Amino acid sequence: MTATVHEVTDLYPTRQGGEPRVIPRQDPVVQGTAEQGPMDAETLCGFDEKGYLTIDQLITADELQLFRDELKRLAEDPEVKADERTVVEAKSNEVRSIFDIHKTNEVFRKIANDPRIVDRARQILGSDVYIHQSRINYKPGFVGKDFTWHSDFETWHAEDGMPTPRAVSISISLTDNYSFNGPLMIMPGSHKHYISAVDKTPENNHKQSLVMQGAGVPDPETLTEFADKFGIDVLEGPAGGAIMFDSNCMHASNGNVTPYPRSNVFIVYNSVENTPVEPFAAPQPRPEFLSSRDFTPAGS
Ligand code: 6CS
Ligand code: FE
């Protein structure tokens with residue numbers, strides 16, 4: 001098998017064996033300006049510093065109800081459950097995630113291209129943006145499992161070939177996020193430091209990584225250093241709010257043993273100047289429902 005030679009220099013090597021390493025981020029976090037709007041300088045500065053920002057009441061009560069009804073309908077549709085883009089929880093077989101919903105579902109296609117979100121993503125990334133990935137995370141009551149600590153960019157670099165962390169995610173809360181039902185946790189400031197993981201990427205890794213990530217998960221020692229250095233912000237908030245976070249934030253969420261689901265819709269915007277090349281550390285590219293090859297600018 002011929003080795004893949006990258007024309008693009010790998011500034012973020014990972015999963016090459018050896019020892020875990022921490023590499024300083026080589027790229028700016030915010031590439032747009034306050035003048036470009038809609039966010040002011042203070043908001044952009046906060047994002048640059050912490051790696052995330054919160055938006056109270058991004059969507060209306062009517063939109064929230066519409067999204068919730070759609071969530072219920074999708075989770076109960078046997079065809080959706082059997083689809084390869086749907087991931088179920090290991091034990092309960094309840095729906096854990098549904099990927100690619102900006103392509104397969106008109107309700108979520110619309111919000112994914114809404115200027116309230118796209119204009120913010122364009123401003124942060126300083127360019128036109130397209131949707132790299134979308135998914136609904138259900139985190140159902142009682143059986144919703146955790147998402148262990150990780151950097152999304154580390155996966156998207158290793159397995160999807162995303163060259164730099166010039167990508168931003170938005171998580172729109174469709175249920176109330178309490179301290180106790182598995183809200184998103186972010187280490188503020190961790191996005192400026194890239195953890196180069198050790199284990200190599202197995203063949204068809206996504207078949208297990210979307211249920212329980214293995215390759216790319218940082219080692220406990222480095223995670224402890226990060227937690228000591230950056231702390232852990234627990235992002236509680238009412239349904240309808242949203243969190244935008246840099247692709248290289250160290251983040252996680254705990255399991256949900258409460259009766260209250262923690263469901264969100266998650267959309268990833270990548271700069272059109274940062275489109276994927278060959279994977280940097282995987283035997284083959286992941287399927288299109290995880291890493292879109294449609295670079296049409298969002299919002300159109
Ligand atoms: O592998 C991925 O692309 C997904 N995995 C996680 C744990 N977060 C980001 C992304 O949706
Ligand atoms: Fe993630």
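A polar contact here is a pair of N or O atoms within 3.5 Å. The model is predicted.

**View 1. Polar contacts of ligand 1 with Arg-286, Trp-156 and His-150.** A polar atom in the side chain of Arg-286 lies 2.9 Å from an oxygen atom of ligand 1. Trp-156 also places a side-chain N or O atom 2.9 Å from an oxygen atom of the ligand. His-150 pairs with a nitrogen atom of ligand 1 instead, and its side-chain N or O atom is 3.3 Å away. These distances count as polar contacts because the cut-off is 3.5 Å. Taken alone, ligand 1 would expose 300 Å². The protein buries 94% of that area.

**View 2. The cavity and shell around ligand 1.** Ligand 1 sits in the largest cavity. Two elements, β5 (129-137) and α7 (152-160), give two or more residues each to the shell. The biggest share comes from α7, with 3 residues. The surrounding residues are Gln-133, Arg-135, His-150, Asp-152, Thr-155, Trp-156, Leu-210, Gln-213, Phe-266 and Arg-286. By class, the shell holds 3 nonpolar, 4 polar and 3 charged residues.

**View 3. The cis peptide bond at Pro-38.** Gly-37 and Pro-38 are joined by a cis peptide bond. Its omega is about 0°. Pro-38 belongs to the loop between β1 (21-24) and α1 (41-50).

**View 4. The backbone at Lys-139.** Lys-139 is not a glycine, yet its phi is positive, at about 35°. Where does Lys-139 lie? Lys-139 is in the loop between β5 and β6 (147-151). The strand β5 that comes before this loop also gives residues to the shell around ligand 1.

**View 5. The overall fold that frames the close-ups.** The protein has 9 helices and 13 strands. Its C-alpha trace spans about 50 × 50 × 40 Å along the principal axes. Why does the radius of gyration agree with a compact globule? A compact globule of 300 residues would have a radius of gyration near 19 Å, and the protein has 18 Å, so the two agree.

Notes: Residues are numbered from 1 along each chain as its sequence is written. Chains are lettered from A and ligands numbered from 1 in the order in which they are written. This is a predicted model: local features need pLDDT of at least 70, side-chain atom pairs count only at pLDDT 80 or more; totals for chains, interfaces and linings use all residues. Side-chain values use heavy atoms; hydrogens and water are left out. A residue is near a molecule or strand if one of its heavy atoms lies within 4 Å of it. A polar contact is a pair of N or O atoms within 3.5 Å; within protein, one must be able to donate a hydrogen and the other to accept it, and residues adjacent in sequence count only if both atoms are side-chain atoms. Accessible areas come from the Shrake-Rupley method with a 1.4 Å probe; for residues, only the protein chains shown count as cover. On a 1 Å grid over the protein atoms alone, a cavity is a set of points where a 1.4 Å probe fits but cannot get out, and a pocket is an open set with protein on both sides within 12 Å along at least five of seven lines; lining residues have an atom within 4 Å of a point. A molecule sits in a cavity or pocket if more than half of its atoms lie within 2 Å of its grid points. Helices (H or I, at least four residues) and strands (E, at least two) are DSSP runs, numbered from the N terminus. Ala, Val, Leu, Ile, Met, Phe, Trp, Tyr, Cys and Pro count as nonpolar, Asp, Glu, Lys and Arg as charged, and the others, Gly among them, as polar. The radius of gyration is taken over C-alpha atoms; the globule rule is 2.2 Å times the number of residues to the power 0.38.
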